[in-house]
Amino acid sequence: MSRGLFITVEGTDGSGKTTQIKLIEEYLKNKNKEVIITREPGGTKISEKIRELILDTENTEMGIITEMLLYASARAQLVSELIRPSVEAGKIVICDRFVDSSYVYQGFGRGIDLKIISDVNRIAVDGLVPELTLFFDIHPSRALKRRISTTGADRIEKEKMDFHKRVYAGYKKLALLYPDRIRCIDSDRSIEEIFADVKYCIDELI
Ligand SMILES: Nc1ncnc2c1ncn2[C@@H]1O[C@H](COP(=O)(O)OP(=O)(O)O)[C@@H](O)[C@H]1O
Ligand SMILES: [Mg+2]
């Protein structure tokens with residue numbers, strides 16, 4: 001059995017990840033590929049429990065290091081239980097967020113030393129690197145405008161804009177550091193135009 005593929009999807013909130021993942025899934029299934037769609041944090045029973053802990057708004061005492069380690073724990077379980085066995089069985093695994101999200105949110109966003117994040121995640125993923133990372137590149141203020149027009153974003157989201165700008169700048173830096181793995185997709189366009197570029201990147205691999 002030949003090795004499958006591991007593709008990760010990154011971008012700030014509202015950049016269009018979920019929308020494009022659905023299109024990728026449909027596209028690959030039409031080509032009779034075995035596709036596994038998963039997400040972080042989560043994707044296994046244990047990882048989903050860790051997700052609940054992280055996202056529980058009552059956990060206001062949670063420190064940033066605790067949070068970073070919980071993300072890495074959820075990731076370690078997802079890699080060992082689902083991603084690695086599936087890729088080794090020849091499947092295409094698409095994961096909504098992966099290690100890059102820890103660099104940009106916990107590192108660039110919250111200020112944890114990138115070396116610490118790198119060390120912790122080296123243990124968590126045990127050498128697993130995506131063949132391709134699709135970065136949906138849209139400035140967070142543009143993504144927010146899009147959401148205001150579709151869902152009506154609230155004041156709190158606007159207050160968080162500085163954080164999202166740091167996260168976005170982090171993604172841009174990572175894309176420069178790893179140009180072979182990370183593809184920047186201009187996402188301030190229509191869903192169809194974006195997907196045309198996504199399809200091009202995926203066709204190169206399959
Ligand atoms: N290219 C696009 N143009 C306009 N609106 C979009 C586009 N892509 C996604 N959307 C809308 O923007 C919102 C956020 O998209 P979503 O795929 O959920 O983003 P994410 O998963 O990255 O948070 C949704 O309401 C979605 O329908
Ligand atoms: Mg989403």
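How far is an oxygen atom of ligand 1 from an N or O atom in the side chain of Thr18? The answer is 2.8 Å. Keep in mind that this is a predicted model, and let's take a tour of it.

**Around the ligand**

Thr18 has company. The shell around ligand 1 holds 14 residues, and those that come nearest are Gly14, Lys17, Thr18, Thr19 and Arg189. Gly16 joins in through its backbone: one of its N or O atoms there lies 3.1 Å from an oxygen atom of ligand 1. On the nitrogen side, a polar backbone atom of Ile191 is 3.4 Å from a nitrogen atom of the ligand. Taken alone, ligand 1 exposes 560 Å², and the protein buries 72% of that.

Which helices supply at least two residues each to this shell? They are H1 (17–30), H6 (140–150) and H9 (191–205). H1 gives the largest share, with three residues. Sorted by character, the shell has two nonpolar, eight polar and four charged residues.

**Ser15, tucked away in a loop**

Ser15 sits in the loop between strand E1 (5–10) and H1. Is Ser15 buried or exposed? Ser15 counts as buried, because its relative accessibility is 1%, and buried means under 20%. Leaving aside neighbours within four places in sequence, Ser15 is in contact with Phe136, Ile138, Arg146 and Ser187. His139 is 124 residues away from Ser15 in sequence, yet their C-alpha atoms are 8.4 Å apart in space.

Now look at Gly63, in the loop between helix H2 (45–55) and helix H3 (64–88). Gly63 and Lys45 are 18 residues apart along the chain, and 24 Å separates their C-alpha atoms. Gly63 is partly exposed, at 28% relative accessible area.

**A strand residue and its contacts**

Thr38 belongs to strand E2 (residues 35–39). With a relative accessible area of 6%, Thr38 is buried. Not counting residues up to four places away in sequence, Thr38 touches Gly43, Leu78, Leu82, Val93, Ile94, Cys95 and Asp96.

**Cysteines without a partner**

How many disulfides does a search of the whole structure find? Zero. A disulfide is a covalent bond between the sulfur atoms of two cysteines. Take Cys184: the closest cysteine sulfur belongs to Cys201 and is 10 Å away, so the two are too far apart for a bond. Seen from the other side, Cys201 is in no disulfide either, with the sulfur of Cys184 as its nearest cysteine sulfur. Cys184 is partly exposed at 42% relative accessibility, whereas Cys201 is buried at 7%.

**Backbone oddities**

The peptide bond from Glu40 to Pro41 is cis, with omega near -15 degrees. Pro41 lies in the loop between E2 and H2. Then there are Arg97 and Asp126, where phi is positive although neither residue is a glycine. Here they are next to each other:

| Residue | Phi | Loop between | Relative accessible area |
|---|---|---|---|
| Arg97 | about 80 degrees | strand E3 (92–96) and helix H4 (99–109) | 12%, buried |
| Asp126 | about 50 degrees | helix H5 (114–125) and strand E4 (132–137) | 58%, exposed |

Why does Asp126 count as exposed? Because its relative accessible area is 58%, and exposed means over 50%. Arg97 is buried instead, because its 12% falls under 20%.

Methods: Residues numbered from 1 in each chain as written. Chains lettered and ligands numbered in written order. Predicted model: local features only at pLDDT ≥ 70, side-chain atom pairs only at ≥ 80, totals over all residues. Heavy atoms only, no water. Near = heavy atom within 4 Å. Polar contact = N/O pair within 3.5 Å; in protein donor to acceptor, adjacent residues only side chain to side chain. Areas by Shrake-Rupley, 256 points an atom, 1.4 Å probe, with all protein chains shown as cover. Helix = DSSP H or I, 4+ residues; strand = E, 2+ residues; numbered from the N terminus. Nonpolar A, V, L, I, M, F, W, Y, C, P; charged D, E, K, R; others polar. Buried < 20%, exposed > 50% of the residue type's maximum accessible area, 1.4 Å probe, protein only. Contact = heavy atoms within 4.5 Å. Disulfide = S-S within 2.5 Å.
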